[in-house]
Amino acid sequence: MSNMNKEVKPVTKKKRKLSKPALMLVIGIVIIAIPCLIFGGIIVSSAFNTGTPIFGDRYAGDLDPAITSDNMEKIKSEVSSIAGVEKVEVVLPSGQLRVSIDTSDDLSKEEIEAIANEAYEKVKGVLPIETYFTSTETKKMYDLAINVYNVISDDDNMIYYELTKNAMSEKETLQLVSEPLNPELVEQLENAQNPSNDTGTDSSGTEDAVSESE
């Protein structure tokens, strides 16, 4: 009976505390694990989305009103009716309306220049310049390029005009791109690339000087 009356003392377990090195190790693991989990999630997400196209519009809010396929077909028809025109191609790559005109091979510079100007008027008749090819402070519009040529070659028979109207510029520009703006510079560059062109003259001059001295 005396043993039963004795109070039973509860046994308390002492909690083990982490040592300072162990605590630092745990904190370091957590710090490293967080960015690894984030990076791993990005990799997994990218793997699941592989092959899925990402759509975007670099001209969001711009190019309004838009040039339609009907507009392009009408321009092609109008330009094709110009005398001397053999073939017309109208395309719209990345915000630029491009009109390529192949003319008769025997046309002169003046005639091809006139075709370029007439084609510009045809485009204006279908798509007003102020509406479609002039940007504002808040909206970007289309650029225009009209290329007119007789033949595409490296010889002197090629006549190539390019009429451009940048949306940020007020007026169009017309340039004869088949002829250099600075012929003297082109000649110097060609002579620099082909020194043999001057060798004959120099060598003959040297030979004459030698013969005279003899």
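pLDDT is the predictor's confidence in each residue, on a scale from 0 to 100. Keep that handy, since the model here is a predicted one.

**Exercise 1. Find where confidence is highest and where it is lowest, then decide which parts to read with care.**

Step 1: Start with the whole protein. The average pLDDT is 81, and 72% of the residues score at least 70.

Step 2: Go helix by helix. Confidence peaks in α3 with a mean of 98 and bottoms out in helix α6 (residues 196–213) with a mean of 50.

Step 3: Zoom in on the weak end. Residues 203–207 have a pLDDT below 50, and apart from near neighbours in sequence this stretch makes 0 contacts in the model. Residues 209–214 also fall below 50, again with 0 contacts beyond near neighbours in sequence.

Step 4: Draw the conclusion. Where pLDDT is low, predicted coordinates shouldn't be read in detail.

**Exercise 2. Track down the salt bridge of E78 and say what it ties together.**

Step 1: Set the cut-off: a side-chain nitrogen of Lys or Arg has to sit within 4 Å of a carboxyl oxygen of Asp or Glu. That rule gives 3 salt bridges.

Step 2: Check the pair. The side chains of E78 and K122 meet at 3.8 Å, N to O, as a salt bridge.

Step 3: Place both partners. E78 belongs to helix α2 (residues 69–80) and K122 to helix α3, so the bridge links parts that lie 44 residues apart in sequence.

**Exercise 3. Work out which residues form the negative surface patch, and which helix gives the most to it.**

Step 1: List the members. The patch of negative charge on the surface brings together E86, D105, D106, E110, E111 and E113.

Step 2: Assign them. Helix α3 (residues 109–126) is the top contributor, with 3 residues, while D105 sits in the loop between β2 (96–103) and α3.

**Exercise 4. Spot the backbone oddities in the loop between α1 and α2.**

Step 1: Recall the usual picture: most residues other than glycine have a negative phi, and most peptide bonds are trans.

Step 2: Look at L63, in that loop. Its phi is positive, about 50°, although L63 is not a glycine.

Step 3: Move on to P65, found in the loop between α1 (20–48) and α2. The peptide bond from D64 to P65 is cis, with omega near 10°.

Terms used:
Residues are numbered from 1 along each chain as its sequence is written. This is a predicted model: local features need pLDDT of at least 70, side-chain atom pairs count only at pLDDT 80 or more; totals for chains, interfaces and linings use all residues. Side-chain values use heavy atoms; hydrogens and water are left out. Patches are made of residues with over 30% relative accessible area and no salt bridge: like charges are joined within 9 Å, nonpolar side chains (Val, Leu, Ile, Met, Phe, Trp, Tyr) within 5 Å. Accessible areas come from the Shrake-Rupley method with a 1.4 Å probe; for residues, only the protein chains shown count as cover. Lys and Arg count as positive and Asp and Glu as negative; His and the chain ends are not counted. The place of a charge is taken as NZ of Lys, CZ of Arg, CG of Asp or CD of Glu. Helices (H or I, at least four residues) and strands (E, at least two) are DSSP runs, numbered from the N terminus. Contact means heavy atoms within 4.5 Å.
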